[in-house]
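Visitor: Please take me through the reasoning behind the labels attached to this model. I would like each value set against its criterion.

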Amino acid sequence: MPVSKAQQKAVHKYVKANYDRMELTVPKGRKEEIKVHAQAQGQSVNGFINRAIDETMERDKAGQEAADGPPEGAGE
């Protein structure tokens, strides 16, 4: 069933108000590799990239917290 112009406009307005857009540049051939991997995981490319970012940021944060030591007053 085709989407009406009004529905397209409403979706565009919602996306513009609630999401930031970024451009990602990858070497030739990498785009298809990412797409195939995301599909194998049952995700969209966008979902896969967001998951990769989230997991990496969590891991980096945990590593930084470990390097900084326990918070002051911990273990008292």
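**Labels and their grounds**

Visitor: How many of the 14 residues of α1 are buried, and what follows for the helix?

Guide: The number is zero, so helix α1 lies largely in the open. Buried here requires a relative accessible area under 20%. Please bear in mind that this is a predicted model.

Visitor: What fraction of the protein chain counts as buried?

Guide: By that criterion, 4% of the 76 residues of the protein chain are buried.

Visitor: How does the radius of gyration of the protein chain stand against that of a compact globule of 76 residues?

Guide: The protein chain has 20 Å, whereas a compact globule of 76 residues would have a value near 11 Å. The C-alpha trace spans about 65 × 30 × 25 Å along its principal axes.

Visitor: What makes up the secondary structure, and in which pattern?

Guide: The protein chain holds three helices and zero strands. Along the sequence the pattern reads α-α-α.

Visitor: How does the reach of α1 stand against the expected value?

Guide: Residues 5–18 form α1, and its 14 residues reach 20 Å from the first C-alpha to the last. The expectation, at 1.5 Å a residue, is also 20 Å, and the reach is close to it.

Visitor: What do the end C-alpha atoms of α3 show when set against the expected span?

Guide: Its 24 residues should span 34 Å at 1.5 Å a residue; the end C-alpha atoms lie 34 Å apart, which agrees. Gly69 follows α3 and has a positive phi, near 90°.

Visitor: Why does Gly47 count as buried, partly exposed or exposed?

Guide: Gly47, which is placed in helix α3, has a relative accessible area of 26%. Partly exposed covers the range between 20% and 50%, so Gly47 is partly exposed. Its C-alpha atom is separated by 28 Å from that of Ala66, 19 residues apart along the chain.

Visitor: What is the class of Ile49?

Guide: Ile49 also has a relative accessible area of 26%, so Ile49 is likewise partly exposed. This residue lies in helix α3. Between the C-alpha atoms of Ile49 and Gly69, 20 residues apart along the chain, the separation is 30 Å.

Visitor: Why does Gln39 fall into its accessibility class?

Guide: Exposed requires over 50%, and Gln39 stands at 51% relative accessibility, so Gln39 counts as exposed. Gln39 belongs to helix α2. Its C-alpha atom is 25 Å from that of Val3, 36 residues apart along the chain.

Visitor: How many aromatic pairs does a search of the whole structure find?

Guide: The search finds one aromatic pair. The rings of Tyr14 and Tyr19 have centres 6.3 Å apart, within the 6.5 Å limit, and planes at 65°, over the 60 degrees required, so the pair is edge-to-face. Tyr14, at 49% relative accessibility, is under the threshold for exposed and therefore counts as partly exposed.

Visitor: What is known of the largest pocket, and which residues are closest to its centre?

Guide: The largest pocket holds about 660 Å³ of space. It is lined by 18 residues, of which Met22, Leu24, Asn46, Ile49 and Asn50 are the closest to its centre. The elements giving two or more residues to the lining are α2 (30–40) and α3 (45–68). Helix α3 supplies the largest share, seven residues.

Visitor: What is the make-up of that lining by class?

Guide: The lining of the largest pocket has 11 nonpolar, five charged and two polar residues.

Conventions:
Residues numbered from 1 in each chain as written. Predicted model: local features only at pLDDT ≥ 70, side-chain atom pairs only at ≥ 80, totals over all residues. Heavy atoms only, no water. 1 Å grid on protein atoms, 1.4 Å probe; cavity = no way out; pocket = protein on both sides within 12 Å on 5 of 7 lines; lining within 4 Å. Points joined across faces, edges and corners; volume = space filled by probe spheres on them. Helix = DSSP H or I, 4+ residues; strand = E, 2+ residues; numbered from the N terminus. Nonpolar A, V, L, I, M, F, W, Y, C, P; charged D, E, K, R; others polar. Phe/Tyr/Trp six-rings, centres within 6.5 Å; stacked < 30°, edge-to-face > 60°. Buried < 20%, exposed > 50% of the residue type's maximum accessible area, 1.4 Å probe, protein only. Expected span 1.5 Å × (residues − 1). Rg over C-alpha atoms; globule rule 2.2 N^0.38 Å.
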